[in-house]
Protein chains: 2
Amino acid sequence: MTARKLTIADVAERAGVSKGLVSFALNDRPGVAPATRERILRIASEMGWSPSLRARSLSTRRSFALGLVIARDPEVIGSDPFFPSFIAGVESVLSTEGRVLVLSVVPDQEAELMTYKSLVADGRVDGVFVSDLRHDDIRIPVLEELGIPAVTLGVPDVPSPFPAVTIDDAVGIRAAVEHLVALGHTRIAHVAGAARFLHGSRRRGAFEQAMRDAGLEAGQSVDTDFSIAEGSAATRRLLAQAERPTAIIYANDPMAIAGLAVAQELGLRVPHDLSITGFDDTDISRYVFPALTTVGTDPAEWGRAAARSLLRLMEAGESDDVALPSAELVVRRSTAAPGRP
Amino acid sequence: MTARKLTIADVAERAGVSKGLVSFALNDRPGVAPATRERILRIASEMGWSPSLRARSLSTRRSFALGLVIARDPEVIGSDPFFPSFIAGVESVLSTEGRVLVLSVVPDQEAELMTYKSLVADGRVDGVFVSDLRHDDIRIPVLEELGIPAVTLGVPDVPSPFPAVTIDDAVGIRAAVEHLVALGHTRIAHVAGAARFLHGSRRRGAFEQAMRDAGLEAGQSVDTDFSIAEGSAATRRLLAQAERPTAIIYANDPMAIAGLAVAQELGLRVPHDLSITGFDDTDISRYVFPALTTVGTDPAEWGRAAARSLLRLMEAGESDDVALPSAELVVRRSTAAPGRP
DNA sequence: CTGAAAGCGCTTACAG
DNA sequence: CTGAAAGCGCTTACAG
């Protein structure tokens, strides 16, 4: 590993050209004779030289890194399988681009904003991902003012100069409602995510609209913070009612699995006494009993698409919104016609 | 945000000193009169100047970043809650140190090694975390030769110059066995993790030893890749036998939850017909039915300890091994005395 | 098509 | 205790 002592000057000398020319050859810039270019590159690789990222960073004012800031309670971050899959998707495209992901996990929104700011101020990243969009999301104007390229997961409800990568989860919720209605359910409830998140309230809105469209009275919705604990508590409340729902649509799989457990604990048979649907089609959903009917999304593909979009924005200066295939209902064993008492 | 145009020269001029002195004051180096130092710092902050990380990186040959490479199948990465919690722990200490985490998720061991190498070659990180230790782990000698500071999660089975941060999970497995034996179980099986991982084979070894110590014949162990799918399949195989076990100890919670589902599907009552224990005490384990008896570990604390250890190594040049509190059994409702047929 | 030089914004011996 | 200068290793106008 003596390799690290080499600099562009060594390569230039060995090739009998100036440092500038080596740089030009390396960066594929015009003005280098093809033969020369090739010779320089060959010599560089023979010598085992690769340009110093730090030096490049200083002179180009770029970091060749992208940033993701996740604001989640450290205690519950583990229960949401979304981010690991999303990140794996992001990495799969970054790794082929010589770029790297800088990840921050922070406890709250205040720290989240500070982190975006310092990441940019320190020049740690050349672009950022914005996930878990909230209503009137302050990050949009802040990032715009910071002048950093960004991509949002979903379309913000405030004016945004950034490309959005979307997956239509409302379609999935609607499909779940229609599936349950077709089975004969009329008392359908929704255990929703946090209303401050766009995806939380959008799924809830889709649920209510679908219920109306089915000619049913607006089903009950109860908001949660997306955590397993609150999903469990919400289920307990819903099932404690005299006129309890015969089906519950959950905003994510972990809550649905907790709901399944509550039903079992209360002696209700799923799906005979209670039908249940989840959201995300996470790995575990097919391995619970009964296997969970859920709405499939593809977080890894979302990650790939977001990374591509952000890279394009950084290189071309602009990037179109991209819409991923809609979330689709995956019917398994946790839903059935409501049982006769 | 005109702040970004400022350089150390601006501050020096305004303070009426040389750039060098500003640098010394900033870095708390001796040779600056306290009063001068204070004045420089005050002026710098008044001007809103913060030193350019890129320039510092180039001259100090440091990146002020730490690296973590995770080799996991993108499809199943989401089902293991370990990493998100671990990372949250790491971040909680890095964020106060002006350091940042560079995360890579790669599909296999080959890519994993390449990634460590390029992270170091590019000077992306000043130190790395080594998780999921394997037998004869090649990463240890490679990282040693690369000359990069590292910390390992657990003690490698090859000579290692790096500090290790350990949690004694064997204690937890032993406690699970003893708990089940005390309840009257004699046919206890183990659904183990992958044997190529140190933690996988260590838990298995602890299981076998504890069985022997209890005077029981070595219980059945079946290796898996830690995935929910294999945990489910292993359970199915174990329960299909004529003399099926009355209790199963799983190497992680997700597999235990899948096992619970298999039992239910087969019409076995848990814990009456089959006792089940998990590992890690993840968030969901208390929200399944019956609530899971499991072995508690603290991935976030592990992350904090590992980060502290690595930082100490980088600053002091050495760092002792640290042993976290042993994994402890958390008894809930999925274990009981074996039911009479 | 090619070279010599300045610049990116810090840090760090070296003098004084 | 303080200053002037070189150096980190690239990129990029500017000349030719």
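Which residues are the closest to DNA strand C? Hi everyone, let's start there. Before I answer, please keep in mind that we are looking at a predicted model.

In this model, 24 residues surround DNA strand C, and the closest are Gly31(A), Ile8(B), Ser23(B), Phe24(B) and Arg29(B). As for which part of the strand the protein meets, sugar and phosphate make up 68% of the atoms of DNA strand C that come within 4 Å of the protein.

Let's look at some individual contacts. Ser23(B) places a polar side-chain atom 2.4 Å from a phosphate oxygen of DNA strand C. Arg56(B) has a side-chain N or O atom 3.0 Å from a phosphate oxygen of that strand. With Ser59(B), the partner is a sugar or linking oxygen of DNA strand C, and the distance from a side-chain N or O atom is 3.1 Å.

Where in the fold do these residues come from? Helix H4 (53-60) of chain A, helix H2 (19-26) of chain B and helix H4 (53-60) of chain B each supply at least two residues of the surface near DNA strand C. By type, the residues of that surface are nine nonpolar, eleven polar and four charged.

Now over to DNA strand D. Here 23 residues surround the strand, the closest being Ile8(A), Ser23(A), Phe24(A), Arg29(A) and Gly31(B). Of the atoms of DNA strand D within 4 Å of the protein, 68% belong to sugar and phosphate. A polar side-chain atom of Ser23(A) sits 2.4 Å from a phosphate oxygen of DNA strand D, and for a side-chain N or O atom of Asn27(A) the distance to a phosphate oxygen is 3.0 Å. Chain B takes part too: Arg61(B) has a polar side-chain atom 3.3 Å from a phosphate oxygen of DNA strand D. H2 and H4 of chain A, along with H4 of chain B, each give at least two residues to this surface, which divides into eight nonpolar, eleven polar and four charged residues.

Let's zoom in on H2 in chain A. How is H2(A) oriented relative to H1(A)? Helix H1 (residues 8-15) and helix H2 (residues 19-26) of chain A pack at an angle of about 100°, with axes 8 Å apart. The two helices are therefore roughly perpendicular to each other. On the H1(A) side we find Ile8(A), Ala9(A), Val11(A) and Ala12(A), and they meet Lys19(A), Val22(A) and Ser23(A) in H2(A). Five of these contact residues are nonpolar, one is polar and one is charged. You may recognise Ile8(A) and Ser23(A) from the list of residues closest to DNA strand D.

Next, the two protein chains. 51 residues of chain B are in contact with 51 residues of chain A. Together the chains bury about 4,600 Å² between them, with 63% of it on carbon and sulfur atoms. On the chain B side, Arg54(B), Arg124(B) and Tyr287(B) lose the most area to chain A, together 17% of what that side buries.

I'll finish with some backbone details. Most residues other than glycine have a negative phi, and most peptide bonds are trans. Here the bond from Val270(B) to Pro271(B) is cis, with omega near 10°, and Pro271(B) sits in the loop between helix H11 (253-265) and strand S9 (275-277) of chain B. Phe289(B) and Pro290(B) are also joined by a cis peptide bond, with omega about -5°. Pro290(B) is in the loop between S9 and strand S10 (294-296) of chain B. Finally, Asp136(A) is not a glycine, yet its phi is positive, about 50°. You can find Asp136(A) in the loop between strand S3 (127-130) and helix H7 (139-146) of chain A. Thanks for listening!

How values were computed: Residues are numbered from 1 along each chain as its sequence is written. Chains are lettered from A and ligands numbered from 1 in the order in which they are written. This is a predicted model: local features need pLDDT of at least 70, side-chain atom pairs count only at pLDDT 80 or more; totals for chains, interfaces and linings use all residues. Side-chain values use heavy atoms; hydrogens and water are left out. Axes are lines fitted to C-alpha atoms, for helices over the stretch in contact, and angles run from 0 to 180 degrees between N-to-C directions. Helices (H or I, at least four residues) and strands (E, at least two) are DSSP runs, numbered from the N terminus. Angles under 35 degrees count as roughly parallel, over 145 as roughly antiparallel, 65 to 115 as roughly perpendicular and the rest as oblique. Contact means heavy atoms within 4.5 Å. Ala, Val, Leu, Ile, Met, Phe, Trp, Tyr, Cys and Pro count as nonpolar, Asp, Glu, Lys and Arg as charged, and the others, Gly among them, as polar. A residue is near a molecule or strand if one of its heavy atoms lies within 4 Å of it. A polar contact is a pair of N or O atoms within 3.5 Å; within protein, one must be able to donate a hydrogen and the other to accept it, and residues adjacent in sequence count only if both atoms are side-chain atoms. Buried area is the accessible area (1.4 Å probe) that two parts lose on being put together, summed over both.
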